[in-house]
Amino acid sequence: MKFLRLASLDQVYSEYVQILKPIGETLEISILESLGFVCAEDVFASQDLPGFDKSLVDGYAVRSKDTIGASPNLPVMLRLALEVKIGEEPSGSIGENEAAWVATGAMLPSGADAVVMVEHTQRFNEYVEVMKPVASGENVLKKNEDVKWGQAVLTRGERINLGHLQLLLQLGVERLRVFRHLRVGVISTGDEIVEPFVKEKSVVQVRDSNSYGLVTWLRSLGFEANRVGLCRDDEDELFRTLKSCFDGYDVLVVSGGSSIGARDFTEAAIDRLGKPGVLFHGILIQPGKPTILAIVDDKPIVGLPGNPVSFTISAKFVLLPIMRRLEGEKDFLFKPSGMVKLTRNVSSRQGREQFIRVKLFEKQGQVWAEPLESETAQVSNLAQADGVIRVPSNVEGLCEGELAEFYPLWFGW
């Protein structure tokens, strides 16, 4: 008789993922190739941004004290001293009771400390009527208000996103040191599993969507993933396959054979590889309970359930945090993308976190979530689902109209 060594999801993160040793290997690449990599060094700004006092609106650059008391009934009259175009330095400065036309993004001339929006002005030849006062700094981005020289703009352990890329390009950063992408080997198991493109199969055979789907998904996230092969329900065959590819990958993933049935050999095959072997066999989540977590010679090996729905949930909330940690990402845990309201009650078993697939829709300015059928054998609603809501382990369910954490399944980190 086999017994599961169960762990909560929090235990998995603190007692397994947290202790994994990141691969640590780095490479220097062009900033244009850095999107999706984890930064391996702190990057500091070599200049101020924007580098000059910039107008945030179309309007007139003024001395704020000259606009005190301005109103539609009693406007302030200022002389138009000059115009400033985007990308050009001002040809002069403004003095008392003077203004300069500035477009959005243009540099303020010397003497100006605020900008009046064009909507609050009227122009008469060489003069401008200002009908609303402005405070010092209003509608202006100061020269170092965005980024200050010497400020850390990217730190070691941050995964580089489009926002980082925009900022680094504006600072003129050409090359960057990053942690290399993780190499992942995926093995599929099961006597019933056949290749997905076979022309003929028996009614009880199942096309392999798990391993191929996971590899495709991981590659889309930037990881170097490969399908190693397909093993029968045979402990020796799985052991030989694991051993043959052990040195070629940073993490190995086995799909199927992770439960406690008579033909589930994944745990035994992994334990034969080396020490310490399997640390947890089973996670208190639904779906995804029969997940195996092992470490052999400092290398993580993960056994994911064969059921496609359980496989997907475990891959998202267990495997991906492991991989993010191994690539050196400091914030490797998922955060909800937002809160959604439930269209009906959902039940849950206390002591186990539940991830329920949902379809989102908007009604009266509020995002609602419609729970889909929760049976893990139903693969079709993986395609229908926009993501999942998370039901905490200490409650028996959530009520209609209650807010729940929402996590997208497929996109983003």
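**Group meeting: a walk through the predicted model**

Let's start at Thr291. Set aside its neighbours within four places in sequence, and Thr291 is in contact with Phe280, His281, Gly282, Ile283, Val302, Gly303, Leu304, Pro305, Ser314 and Val318. Keep in mind that this is a predicted model.

Where does Thr291 lie? It sits in the loop between strand 20, residues 285-286, and strand 21. Buried or exposed? Thr291 is buried, because its relative accessible area is 0% and the cut-off for buried is under 20%. One of its contacts is polar: the side chains of Thr291 and Ser314 are joined at 3.0 Å. There is also a long reach along the chain. Thr291 and Leu6 are 285 residues apart in sequence, yet their C-alpha atoms are 9.3 Å apart in space.

Now the nonpolar cores. In soluble globular proteins, nonpolar side chains tend to be buried together. Here, the largest nonpolar core has 44 residues. Which members touch the most others? They are Val184, Leu214, Leu293 and Ile322. Several elements supply at least two residues each to this core. The helices are helix 1 (9-16), helix 3 and helix 6 (308-326). The strands are strand 14 (183-189), strand 18 (251-255), strand 21 (292-296) and strand 22 (299-304). Helix 6 gives the most, with 11 residues. There is a second, separate core of 18 residues, and it includes Ile187, Leu252, Ile292 and Ala294.

Look at Leu214 next. Beyond its neighbours within four places in sequence, Leu214 is in contact with Val186, Ser209, Val253, Leu304, Phe311, Ala315 and Leu319.

That brings us to helix 3 against helix 6. The two axes come within 12 Å and cross at roughly 35°. The crossing is right-handed. Which residues meet there? From helix 3, we have Asn210, Leu214, Trp217 and Leu218. From helix 6, we have Pro308, Phe311, Thr312, Ala315, Lys316, Leu319, Leu320 and Met323. By class, that contact has nine nonpolar residues, two polar and one charged.

Stay with helix 3, which covers residues 210-220, and go to Ser220. Ser220 is exposed, because its relative accessible area is 56% and exposed means over 50%. Its side chain reaches back to the backbone oxygen of Trp217, at 2.5 Å.

On to a buried charged residue. Glu98 is found in strand 7, residues 98-102. With a relative accessible area of 15%, Glu98 is buried. What does its side chain pair with? The side chain of Glu98 makes a polar contact with the side chain of Arg79, at 2.4 Å. Outside its neighbours within four places in sequence, Glu98 is in contact with Ala61, Val62, Asp66, Leu78, Arg79, Ala81 and Ser93.

Next, Glu235, in helix 4, residues 235-245. Glu235 is partly exposed, at 24% relative accessible area. Leaving out neighbours within four places in sequence, Glu235 is in contact with Phe265, Ala268, Ala269 and Arg272. Glu235 and Glu267 are 32 residues apart along the chain, and their C-alpha atoms are separated by 9.1 Å.

Now some backbone details. Take the cis peptide bonds. The bond from Leu49 to Pro50 is cis, with omega near 10°. Pro50 has its place in the loop between strand 3 (43-44) and strand 4 (54-55). The bond from Lys275 to Pro276 is cis too, with omega near -5°. Pro276 lies in strand 19, residues 276-281.

Then positive phi. Asn125 has phi near 55°, a positive value in a residue other than glycine. Its place is the loop between strand 9 (121-124) and strand 10 (127-130). Asn125 is exposed, with a relative accessible area of 68%.

What is phi at Gln364? It is near 55°, again positive and again in a residue other than glycine. Gln364 is found in the loop between strand 25 (353-363) and strand 26 (366-371). Gln364 is exposed, with a relative accessible area of 80%.

To recap the main stops. Thr291 is buried, with a relative accessible area of 0%. Helix 6 gives the most residues to the largest nonpolar core. Helix 3 crosses helix 6 in a right-handed way. Glu98 is buried, and its side chain makes a polar contact with the side chain of Arg79.

Terms used. Residues are numbered from 1 along each chain as its sequence is written. This is a predicted model: local features need pLDDT of at least 70, side-chain atom pairs count only at pLDDT 80 or more; totals for chains, interfaces and linings use all residues. Side-chain values use heavy atoms; hydrogens and water are left out. Helices (H or I, at least four residues) and strands (E, at least two) are DSSP runs, numbered from the N terminus. Buried means under 20% relative accessible area, exposed over 50%, partly exposed in between (1.4 Å probe, protein chains only). A polar contact is a pair of N or O atoms within 3.5 Å; within protein, one must be able to donate a hydrogen and the other to accept it, and residues adjacent in sequence count only if both atoms are side-chain atoms. A nonpolar core is a set of buried Ala, Val, Leu, Ile, Met, Phe, Trp, Tyr and Cys residues joined through side-chain atoms within 4.5 Å. Contact means heavy atoms within 4.5 Å. Axes are lines fitted to C-alpha atoms, for helices over the stretch in contact, and angles run from 0 to 180 degrees between N-to-C directions. A crossing is left-handed if the near helix is turned anticlockwise from the far one by less than a right angle, and right-handed if clockwise. Ala, Val, Leu, Ile, Met, Phe, Trp, Tyr, Cys and Pro count as nonpolar, Asp, Glu, Lys and Arg as charged, and the others, Gly among them, as polar.
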